[in-house]
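Reader: Hello! Could you walk me through this model, starting with the terms you rely on?

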Amino acid sequence: MMKRTLLIAAALLGLSAPAYAAGETPVPPQLSWSFQGPFGTFDRAQLQRGFKVYREVCASCHGLSYVAFRNLSQPGGPEFSEAQVRALAAEYQIQDGPNEAGDMFERPGRPADRFPSPFPNENAAAAANGGKAPPDLSLMPKARTYERGFPWFITDVFRQYSENGADYLVALLNGYTEPPAGFQVPEGGHYNAYFPGHIIAMPKPVSDGQVEYPKDANGQPQAPETVDQYARDLTAFLMWTAEPHLEARKRLGFQVMLFLIVLSVLLYFTKKKIWARVGGEVEGHATPPMTHNP
Amino acid sequence: MSQYSTTYVPKSSFGKWFESRLPIASLVHSSFIAFPVPRNLTYFWTFGAILVFMLVAQIVTGVFLAMYYTPNAALAFQSVEHIMRDVNYGWLIRYLHANGASMFFVAVYIHIFRNFYYGSYKAPREVLYILGVIIFILMMATAFMGYVLPWGQMSFWGATVITNLFSALPVVGETIVSFLWGGYSVGNPTLNRFFSLHYLLPFMIFGVVILHVWALHVPGQNNPTGIPIKSGKDAVPFTPYATIKDIFAVVVFMIFFAYWVFYIPNYLGHADNYIPANPAVTPAHIVPEWYFLPFYAILRAIPDKLGGVIAMFSAILVWFLMPWLDTSKVRSTAYRPLYKQFFWVFVAVCILLGWLGAKPAEGWYVIVSQIATAYYFIHFLVILPVLGFVERPLPLPNSILESVMGVQKGGAGMPAGANAEPQSKG
């Protein structure tokens with residue numbers, strides 16, 4: 001009870017920010033994303049590359065538990081073919097059951113299955129990773145952000161800036177630099193320039209050239225095989241896993257906006273015409289003369 | 001103007017039969033068709049209609065969400081993601097509901113500050129105003145419990161911080177908190193009762209809204225001059241004049257609403273709420289939704305927990321006293337040169353408190369919060385009563401018509417014989 005009260009008190013006073021935060025955290029650079037803005041769409045090839053990065057790098061520790069294999073072939077995503085998705089799902093073993101005998105059993109995955117988690121439960125994940133379970137990645141770009149501050153949080157509304165989580169993730173994956181002189185990195189921690197407090201449990205996950213990208217007609221990789229490009233492609237893919245209906249949302253939004261704007265113009269003139277019957281609209285009050293009552 | 005009759009006369013025999021048994025048609029006619037409306041209302045007077053629209057929109061989207069949402073601590077987060085991913089247009093309904101709460105508060109704050117500016121809380125509209133404050137308090141409770149339902153990190157920790165406030169009450173505090181939680185910490189029973197109440201309260205709001213509208217129809221609407229309707233020429237019938245204006249304003253507000261829903265649906269939320277609730281990990285900053293921030297700043301400005309709770313609740317309760325704290329006989333701030341300046345200072349202080357509420361309570365933020373909190377209460381308890389005695393208001397126009405059109409320029413208003421004194425209506 002006492003501990004809880006202290007915790008609440010600390011939370012109320014805003015003291016729960018890591019006390020070991022050393023030095024200023026730099027602001028993540030704002031990148032250009034294909035899915036930003038009112039007409040943004042995902043780049044299919046980028047999502048497919050990002051998925052490859054997820055599978056070959058992240059999937060050994062991080063789950064993607066809200067995503068089903070079938071989602072990968074749905075419109076507005078990486079749009080793999082249904083055959084590709086069936087083949088991909090079949091590579092996974094999914095626990096099912098109980099069968100008639102009452103036993104759990106394993107079977108090859110089907111498109112309707114969700115991505116199985118790399119660990120049987122959170123405790124196992126924590127035990128295998130130095131005490132802290134690697135977070136599920138399904139919602140990452142919406143679950144992370146960075147402080148925008150005044151006046152940027154106002155201009156963000158007009159710019160429709162909602163890629164702050166994505167920008168942060170790319171910065172984080174690029175942020176495994178040498179700690180500044182005199183900075184003590186504790187045992188089991190890793191220095192990251194962009195992580196709040198700079199001590200992150202995850203070691204640098206990927207290096208240049210680690211993931212092979214599909215080749216174009218000239219036999220060259222589609223995109224540079226660098227950490228920065230991996231980070232961008234992975235983040236774009238995760239933005240889709242976090243917001244699988246982003247394209248539909250923006251498309252419908254444009255139609256709704258258009259409809260409402262036309263309707264409001266029609267209503268405006270209707271109103272004008274109706275008010276003309278009583279000599280037009282009059283609003284407010286005359287500016288009172290600046291003389292006082294006697 | 002003869003096409004607008006002021007009293008409802010049923011034409012069909014069924015109409016006559018029904019009218020003699022349940023006179024609802026004449027009630028609607030007198031309240032929303034023939035009802036005299038001051039002809040000089042600005043768009044600030046359309047927010048009542050906008051708020052009715054938002055309440056209905058929240059109830060309709062909420063009913064659909066409740067068909068898919070699971071109020072269980074182990075399943076709630078997942079069920080929201082199920083709505084977002086697998087339910088047809090679930091993402092749309094959920095973003096409408098989540099952003100709708102914010103839009104509701106945008107509209108209600110404009111409505112409240114319009115009331116402050118034009119003195120709508122003054123006699124004879126005190127009861128109308130008090131019902132409005134009750135609606136606002138119910139809205140805050142509803143919004144708070146709604147934010148807990150997705151069971152993300154901010155849901156959980158927001159619920160923990162706010163429910164813990166009651167533990168500051170002497171003697172009964174801990175008992176009340178256990179009762180709110182249904183246990184010894186925020187958990188599944190808390191989520192269940194919050195869901196139940198979140199579904200109930202909007203219908204209570206709806207009930208108080210009916211009383212609010214009823215109370216509005218007794219004295220009639222205030223207007224930018226603050227002086228009452230004196231003749232039929234000061235007014236126009238509600239339908240079609242106010243109706244079309246309200247519909248236009250609601251559609252314009254829908255454009256504003258749609259912008260958030262379709263383009264920046266998560267801007268007004270917190271990233272932390274996309275992390276499932278975890279009682280073992282406290283977020284770095286526990287911040288309530290933007291519409292609670294001024295009150296949150298007042299809570300944290302007081303170094304004592306009980307004092308902070310009292311200050312926060314008093315910040316809203318003091319609104320109930322406003323009709324009597326304001327000693328000026330003049331309603332509209334347009335004719336109150338001194339109050340006009342204090343009004344805008346008060347608006348600035350409220351915005352400042354909102355900004356401080358989002359900042360960590362440390363360093364000079366605390367000092368500024370304390371000064372702003374002190375000013376907030378001084379505005380109500382000192383400035384409002386004193387100004388009524390020291391301020392010399394500007395001369396009031398003789399009538400609404402004179403103010404907006406000049407005396408000579410007539411213009412048709414309510415039909416002759418229209419009731420210029422809505423007070424006499426039942």
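Author: Happily! Two residues are in contact if their C-beta atoms, placed from the backbone, lie within 7 Å. This is a predicted model, where local features need pLDDT of at least 70, side-chain atom pairs count only at pLDDT 80 or more, and totals for chains, interfaces and linings use all residues. Residues are numbered from 1 along each chain as its sequence is written, while chains are lettered from A and ligands numbered from 1 in the order in which they are written.

Reader: Thanks! Among contacts in chain B between residues at least 6 apart in sequence, what percentage join residues at least 24 apart?

Author: The count leaves out pairs in chain B that are not at least 6 apart in sequence. Of the contacts that remain, the share joining residues at least 24 apart is 79%.

Reader: What radius of gyration does chain B have?

Author: The radius is taken over C-alpha atoms, and the globule rule is 2.2 Å times the number of residues to the power 0.38. The C-alpha atoms of chain B fill a box of roughly 70 × 60 × 45 Å along the principal axes. Because chain B has 426 residues, a compact globule would come near 22 Å, and the model agrees with its 24 Å.

Reader: How far apart are the end C-alpha atoms of helix 9 of chain B?

Author: Helices (H or I, at least four residues) and strands (E, at least two) are DSSP runs, numbered from the N terminus; chain B has 16 helices and two strands. The expected span of a helix is 1.5 Å times one less than its number of residues. Helix 9 covers residues 188-217, so its 30 residues should span 44 Å, and the distance between its end C-alpha atoms agrees: 44 Å.

Reader: Which elements help cover the buried residues of that helix?

Author: A residue is buried if 20 or more other C-beta atoms lie within 10 Å of its own, exposed if 12 or fewer, and partly exposed in between, with C-beta atoms placed from the backbone. In helix 9 of chain B, the buried residues include B:F194, B:F195 and B:H198. Their cover includes, in chain B, helix 3 (47-66), helix 4 (76-85), helix 6 (126-148), helix 7 (153-164) and helix 8 (173-181).

Reader: Which helix gives the largest share of the largest nonpolar core?

Author: A nonpolar core is a set of buried Ala, Val, Leu, Ile, Met, Phe, Trp, Tyr and Cys residues joined through C-beta atoms within 7 Å. Of the 81 residues in the largest one, B:I50, B:M54, B:F104, B:A107 and B:I298 touch the most other members. The largest share, 13 residues, comes from chain B's helix 5 (residues 90-117).

Reader: And which element gives the largest share of the side of chain B that touches chain A?

Author: The contact takes 55 residues from chain B and 50 residues from chain A. Elements giving two or more residues to chain B's side include helix 4 and helix 7. The largest share, 13 residues, comes from chain B's helix 10.

Reader: Finally, is A:A171 buried or exposed?

Author: A:A171 is found in helix 7 (residues 164-173) of chain A. Leaving aside residues up to four places away in sequence, A:A171 touches A:P28, A:P29 and A:Y194. Because A:A171 has 23 C-beta neighbours inside 10 Å, it counts as buried.
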